[in-house]
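Me: I would like a close look at one part of this protein. Please take the salt bridges, one pair at a time, and then what lies around them.

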Amino acid sequence: MKQVTLNIKDDKYNFFLELVKNLDFVASVETETRSKKEVLKGLEDAVKEVKEIKKGRKKSVPLSDFLNEL
């Protein structure tokens, strides 16, 4: 089985997904919908949180507790 990665214009994205989902020879459709803006916002929030922890304004979570949640 082969895999393809495509860049689709935002205004045609939903149409393309619907089209691909209806092809009987496509096994699965995985989508990644996070935009660059959303990723950057997430990183910005993470940096702010680290700064708050370093200043003592926010409590950190031990790594072992974090890993146990996964």
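What follows goes through the salt bridges, then turns to a surface patch and a pocket.

Reply: A caution comes first: this is a predicted model. Every value below is computed from that model.

Start with the principle. Side chains of opposite charge can pair when their charged atoms come close. The structure holds four such salt bridges. Three of the pairs are described here, including the one between Asp45 and Lys41.

Take Asp45 and Lys41. Their closest N and O atoms are 2.8 Å apart. The cut-off for a salt bridge is 4 Å, so this pair qualifies. Both residues sit in helix 2, which covers residues 36–54. They are four residues apart, or about one turn of the helix. How covered are they? Asp45 has a relative accessibility of 34%. Lys41 has 43%. Partly exposed means between 20% and 50%, so Asp45 falls in that class. Lys41 falls there too, because 43% is also between those limits.

Next, Glu49 and Lys58. These two form a salt bridge, with the closest N and O atoms 3.5 Å apart. Glu49 is partly exposed, at a relative accessible area of 38%. Lys58 is partly exposed as well, at 41%.

Then comes Arg57 with Glu52. Here the closest N and O atoms are 3.5 Å apart. The two partners fall on either side of a class limit. Arg57 has a relative accessibility of 59%. Exposed means over 50%, so Arg57 counts as exposed. Glu52, at 28%, counts as partly exposed.

Now leave the charged pairs for a nonpolar part of the surface. Val61, Leu63, Phe66, Leu67 and Leu70 form a patch there. Together they have about 570 Å² of accessible area. Look at Leu67 within this patch. Leu67 belongs to helix 3, residues 63–69. Its relative accessible area is 47%. That value is under the 50% limit for exposed, so Leu67 is partly exposed. A residue needs over 30% to join a patch, so Leu67 passes that cut-off.

Last, the pocket. The largest pocket has a volume of about 1,000 Å³. Its lining is made of 25 residues, and the closest to its centre are Val4, Thr5, Leu6, Val29 and Glu30. What classes make up the lining? There are 13 nonpolar residues, seven polar and five charged.

Notes. Residues are numbered from 1 along each chain as its sequence is written. This is a predicted model: local features need pLDDT of at least 70, side-chain atom pairs count only at pLDDT 80 or more; totals for chains, interfaces and linings use all residues. Side-chain values use heavy atoms; hydrogens and water are left out. Patches are made of residues with over 30% relative accessible area and no salt bridge: like charges are joined within 9 Å, nonpolar side chains (Val, Leu, Ile, Met, Phe, Trp, Tyr) within 5 Å. Accessible areas come from the Shrake-Rupley method with a 1.4 Å probe; for residues, only the protein chains shown count as cover. A salt bridge is a side-chain nitrogen of Lys or Arg within 4 Å of a carboxyl oxygen of Asp or Glu. Helices (H or I, at least four residues) and strands (E, at least two) are DSSP runs, numbered from the N terminus. Buried means under 20% relative accessible area, exposed over 50%, partly exposed in between (1.4 Å probe, protein chains only). On a 1 Å grid over the protein atoms alone, a cavity is a set of points where a 1.4 Å probe fits but cannot get out, and a pocket is an open set with protein on both sides within 12 Å along at least five of seven lines; lining residues have an atom within 4 Å of a point. Grid points are joined across faces, edges and corners, and a volume is the space filled by probe spheres set on the points. Ala, Val, Leu, Ile, Met, Phe, Trp, Tyr, Cys and Pro count as nonpolar, Asp, Glu, Lys and Arg as charged, and the others, Gly among them, as polar.
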